[in-house]
Amino acid sequence: MNTSTGTSTDTFADASAPETSQAGAVSSGAGEPTPPSAPVYPPGWVRALLPLGILCTLEETGRHGYAIAHSLGTLGFGIPRGGSLYPALTRLEESGEITARWAPGPSGPARKVYDLTDRGRERLRTERALLQRLREELGA
């Protein structure tokens, strides 16, 4: 908790990571960029847009929680901690915007994989249009 502002700072992993590129990716030294652990955007935006970010990560294919977290990192959300990500996934599942299924892990136990539903696709389309309208209103 940031005592000067009264806001929570534990939503996302701390960033004691290497510097990010202009695209927000961090070099892992192995040639593969890894997502930044700290958000690129203000914390309030990240919290408000986390459900939309999750829907975006599921637009093309189903993913398990760890893959969703890393995809959010590449989108500039930072890599969310489980205490932020999994409640958001549960809310999206309860609202019918995503579904969850168990899939075998490549070298271990089964993992919960999340998929976008038609309702989730509709929300994604609607919220993208609203954000585009806001962007235009702001003159960006």
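**Exercise 1. Is Asp115 buried or exposed, and which residue does its side chain meet in a salt bridge?**

Step 1. Take the accessibility of Asp115. The relative value is 18%, so Asp115 counts as buried. Buried means under 20% relative accessible area, exposed means over 50%, and partly exposed lies in between (1.4 Å probe, protein chains only).

Step 2. Note the source. This is a predicted model: local features need pLDDT of at least 70, side-chain atom pairs count only at pLDDT 80 or more, and totals for chains, interfaces and linings use all residues. Residues are numbered from 1 along each chain as its sequence is written, and side-chain values use heavy atoms, leaving out hydrogens and water.

Step 3. Find the partner. Asp115 and Arg101 meet through their side chains in a salt bridge of 2.7 Å, N to O. Asp115 belongs to strand β5 (residues 111–116) and Arg101 to strand β4, so the pair ties together parts 14 residues apart in sequence. A salt bridge is a side-chain nitrogen of Lys or Arg within 4 Å of a carboxyl oxygen of Asp or Glu. Helices (H or I, at least four residues) and strands (E, at least two) are DSSP runs, numbered from the N terminus.

Step 4. Check Arg101. With a relative accessible area of 40%, Arg101 is partly exposed.

**Exercise 2. Work out which residues are joined into one network by salt bridges that share partners.**

Step 1. Start with the total. The whole structure holds five salt bridges.

Step 2. Take Arg123 and Glu97. Their side chains form a salt bridge of 2.9 Å, N to O. This pair links distant parts of the chain: Arg123 is in helix α4, Glu97 in the loop between α3 and β4 (98–103), 26 residues apart.

Step 3. Take Arg123 and Glu127. Their side chains also meet in a salt bridge, at 2.7 Å, N to O. The two are four residues apart in helix α4, so about one helical turn separates them.

Step 4. Combine. Glu97, Arg123 and Glu127 form one network through shared partners.

Step 5. Add accessibility. Glu97 is buried at 10%. Arg123 is partly exposed at 24%, and Glu127 is partly exposed at 22%.

**Exercise 3. Compare the expected span of helix α4 with the distance between its end C-alpha atoms.**

Step 1. The rule: expected span is 1.5 Å times one less than the number of residues.

Step 2. Helix α4 (residues 118–137) has 20 residues, so it should span 28 Å.

Step 3. The end C-alpha atoms are 29 Å apart, which agrees.

Step 4. Look just past the helix. Gly139 takes a positive phi of about 80° there.

**Exercise 4. Describe the surroundings of Thr57 and Tyr86.**

Step 1. Thr57 is in helix α1. It is buried, at 4% relative accessibility.

Step 2. Leaving out residues up to four places away in sequence, Thr57 touches Arg63, Ile68, Ser71, Leu72 and Leu75. Contact means heavy atoms within 4.5 Å.

Step 3. Tyr86 lies in helix α3 (residues 82–94). At 38%, Tyr86 is partly exposed.

Step 4. With the same sequence neighbours left out, Tyr86 touches Gly65, Tyr66 and Tyr114. The C-alpha atoms of Tyr86 and Gly65 are 7.6 Å apart, with their positions 21 residues apart along the chain.

**Exercise 5. Which strand has the lowest mean pLDDT among the elements of the protein chain?**

Step 1. pLDDT is the predictor's confidence in each residue, from 0 to 100. The chain mean is 82, and 75% of residues reach 70 or more.

Step 2. Strand β1 (residues 26–27) has the lowest mean, 39. Strand β3 (residues 63–64) has the highest, 98.

Step 3. Over residues 1–30, pLDDT stays under 50. Where pLDDT is low, the predicted coordinates should not be read in detail.
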